[in-house]
Amino acid sequence: MIHDEEFETLPREALDAIQLKRLQQLAEKVYATVPFYKKAFDKKGVKPEDIKALEDLQKLPFTMKQDLRDNYPFAMFATPMENVVRIHASSGTTGKPTVVGYTRRDIDTWSWLMARTLAAAGTHRGDIVHNAYGYGLFTGGLGFHYGAERLGASVIPVSGGNTKRQILLMKDFGPTVLTCTPSYALHLAEVAADEGVDFKSLKFRVGVFGAEPWTENMRLEIESQLGMEAVDIYGLSEVMGPGVAVECIEAKKGLHIFEDHFIPEIIHPETGEVLPYGEPGELVFTTLTKEAFPLIRYRTRDLSVLYREPCKCGRTLVRMGRITGRSDDMLIVRGVNVFPSQIESVLMARKDVAPYYLLIVDRIEHMDTLQVDVEISEAVFSDAVKDLQHVERDIEKDIKDMLGVSCKVRLVEPKAIQRSEGKAQRVIDKRKLR
Amino acid sequence: MTVEQISIFLENRAGRLAEISRVLGEAGVNIRALSLADTSDFGILRLIVSDNDKAKAALKEHGFTVGKTNVVAVEVEDRPGGLNRILEILSRENINVEYMYAFVHHSGENAVIIFRFDDIDGAVKLLVNNNIKVLEGDTVYRL
């Protein structure tokens, strides 16, 4: 269902006109209020009034994650603190967290975009939303919460963790919509099975999954094991949180970006050159309507592709492909680019092992080694050593065929690999490269 | 004339073997014979127990990956050359032994050898035709 018919189905020219007007206002605003942007614009020799057409966006400087850290905590805000009603922060796995702020109107815009998001995924008034995204500094929990309320659905703000109790609430409250990370969805199914609860007997109709990269195969796995449709969403706290882009349930092919609020670009991760539609590269966002924490050409490090082909749902918005990896999480093993999500695709395609893996990269006598831990399943278990070794060699061959890199597969016991309730830890890099 | 054996996947990690024996003990399952195959990565524990279903259920409940295989139990006299006679017969007919292990039961006179064959029916037929004593499952579980 299209929640905001007018803005989600605008003709291209009308959308372009809105984007240009908003971009011009944004450039003026950040140049006047954020010292970082004044300096960055001046360094590039560009003034806000140089933005005469949408293409002129390319004249503006990029914003990097490091810039946000350098301006920790509030120096990137474009409004005085007294107008900021909410603070969120991203998990600071490396160094300080990145801090984002919202004005009253930003929260309102965000809720509206999340209502659009949930509607696109097939949610409506009358639905009960089991929201297992974490509540707190992370944008996932509250983002979904406000969106579901705005849509008029009933929200269960269960947050992450205490999985057994979540199963109980699912049985008793009869939620129809599940929102969480895709790996947590599979974890819920496992715990439900352990508790003797058949997930498919629950009332769920659709799940809205994001906050970590996943694959088409994982979608099939979730849909068959959990008995619901699985929809992919995209967002990141720096840009707003969830609600930047979403798949429509009609097509489930590519995520519609809410272009009246964000301008996406795809660039070459090394040269920064803007790439044409259809070419994969790093996703870059400019926020058009945010007041407290606007961003010019923010480099997400997420790898994707943009395409303009019309969608059967009727939305005219550009679509982005699934995130296929991170330009900075990318591992280079013996000169080969390895994205951890590719390993998952290989395991999913086999259907006889679980899609959980742990990559261990090391450097032994100047040679990179790649070990992939994979959980044994009853389907491949045998009482004969040579059969299990054959399974290991067979998975190694699949990985070699798909990634072009040889590795050592090691079978481990079921559930030996950590199930994360947030973003899963999938790589241990023991090389001392930095 | 086959015996059911259960096998368990084991990561090479301290305490896993003890965990298995604890689970079986608590379930009241007696271990008749066992063999452990190991590689640098993992191990496979093979067991003949007093109650297969009970053992399997208890182990699975504790998260172990458990398989079931049919093996052949053969009784041989516990004296020099006893095993060799059987292996000669098998080798003559090109019956391949996947793996084997042996134990002596408490009556003391005879040893029991557990064989895992690819061609289990062919092997049993051959052994019986050569007057080798092949034991029934129920006999072995109660030994």
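## Close-up views of a predicted two-chain model

The secondary structure of chain B comprises 5 helices and 7 strands. The model shown in these views is predicted.

**View 1. Chain B alternates strands and helices in the pattern β-α-β-β-α-β-α-β-β-α-β-α along its sequence.** Chain B has 143 residues, of which 27% count as buried. Among the contacts in chain B with a separation of 6 or more, 68% join residues that lie 24 or more positions apart.

**View 2. The contact between the chains draws 15 residues from chain B and 16 residues from chain A.** On the side of chain B that touches chain A, strand S1 (3–11), strand S3 (42–49) and strand S4 (66–77) of chain B each provide at least two residues. The largest share of this side, 4 residues, comes from S1(B). By class, the residues of chain B that form this side comprise 4 nonpolar, 7 polar and 4 charged.

**View 3. An open sheet of 9 strands in chain A has mixed pairing and the order S4-S3-S5-S6-S7-S8-S9-S14-S13.** The edges of this sheet are formed by strand S4 (154–156) and strand S13 (306–307) of chain A; each has a single partner strand, so one side of each is left without a neighbour in the sheet. Within the sheet, strand S7 (residues 229–236) and strand S8 (residues 241–246) of chain A pair in the antiparallel sense, over 4 bridges. In this pairing, A:Gly235 stands opposite A:Pro242 in S8(A). Helix H5 (residues 104–120) of chain A packs on the sheet, where it touches strand S6 (206–209), S7, S8 and strand S9 (255–257) of chain A. The direction of H5 makes about 45° with that of S8(A). Helix H9 (residues 216–226) of chain A also meets this sheet, lying across S6 and S7 of chain A and running at about 130° to S7(A).

**View 4. Helix H8 (residues 182–194) of chain A packs with H9(A) at an angle of about 30°, the two axes being 10 Å apart.** Because angles under 35 degrees count as roughly parallel, H8(A) is classed as roughly parallel to H9(A). The crossing of H8(A) past H9(A) is left-handed. From H8(A), the residues A:Pro182, A:Ala185, A:Leu186 and A:Ala189 meet A:Met218, A:Glu221, A:Ile222, A:Gln225 and A:Leu226 in H9(A). Sorted by class, this contact of H8(A) with H9(A) has 7 nonpolar, 1 polar and 1 charged residues.

**View 5. An open sheet of 4 strands in chain A has antiparallel pairing and the order S10-S11-S12-S15.** Strand S10 (262–267) and S15 of chain A stand at the edges of this sheet, each with a single partner strand, so one side of each lacks a neighbour in the sheet. S10(A) and S11(A) run antiparallel and are joined by 6 bridges; here A:Ile266 stands opposite A:Leu283 in S11(A). Strands of a sheet pair through backbone hydrogen bonds, in either the parallel or the antiparallel sense.

**View 6. Strand S12 (residues 298–304) of chain A has 6 of its 7 residues buried, so this strand is largely enclosed by the rest of the structure.** Strand S11 (residues 281–287) of chain A runs antiparallel to S12(A), and 4 bridges join the two. A:Glu282 stands opposite A:Leu303 in S12(A). S12(A) also pairs with strand S15 (residues 325–326) of chain A, in the antiparallel sense and over 2 bridges. In that pairing A:Leu303 stands opposite A:Gly325 in S15(A). A:Leu303 thus appears in both pairings, facing A:Glu282 and A:Gly325.

**View 7. A:Asp362 is located in strand S18 (residues 357–364) of chain A.** A:Asp362 has 13 C-beta neighbours inside 10 Å and therefore counts as partly exposed. A:Asp362 and A:Asp429 are separated by 67 residues in sequence, while their C-alpha atoms are 6.2 Å apart in space. With neighbours within four places in sequence left aside, A:Asp362 is in contact with A:Thr369, A:Lys430 and A:Arg431.

Conventions
Residues numbered from 1 in each chain as written. Chains lettered and ligands numbered in written order. Predicted model: local features only at pLDDT ≥ 70, side-chain atom pairs only at ≥ 80, totals over all residues. Pairing = 2+ DSSP bridges. Contact = placed C-beta atoms within 7 Å. Axes fitted to C-alpha atoms, helices over the stretch in contact; angles between N-to-C directions. Nonpolar A, V, L, I, M, F, W, Y, C, P; charged D, E, K, R; others polar. Buried ≥ 20, exposed ≤ 12 C-beta atoms within 10 Å, placed from the backbone. Parallel < 35°, antiparallel > 145°, perpendicular 65-115°, else oblique. Left-handed = near helix turned anticlockwise from the far one by under 90°.
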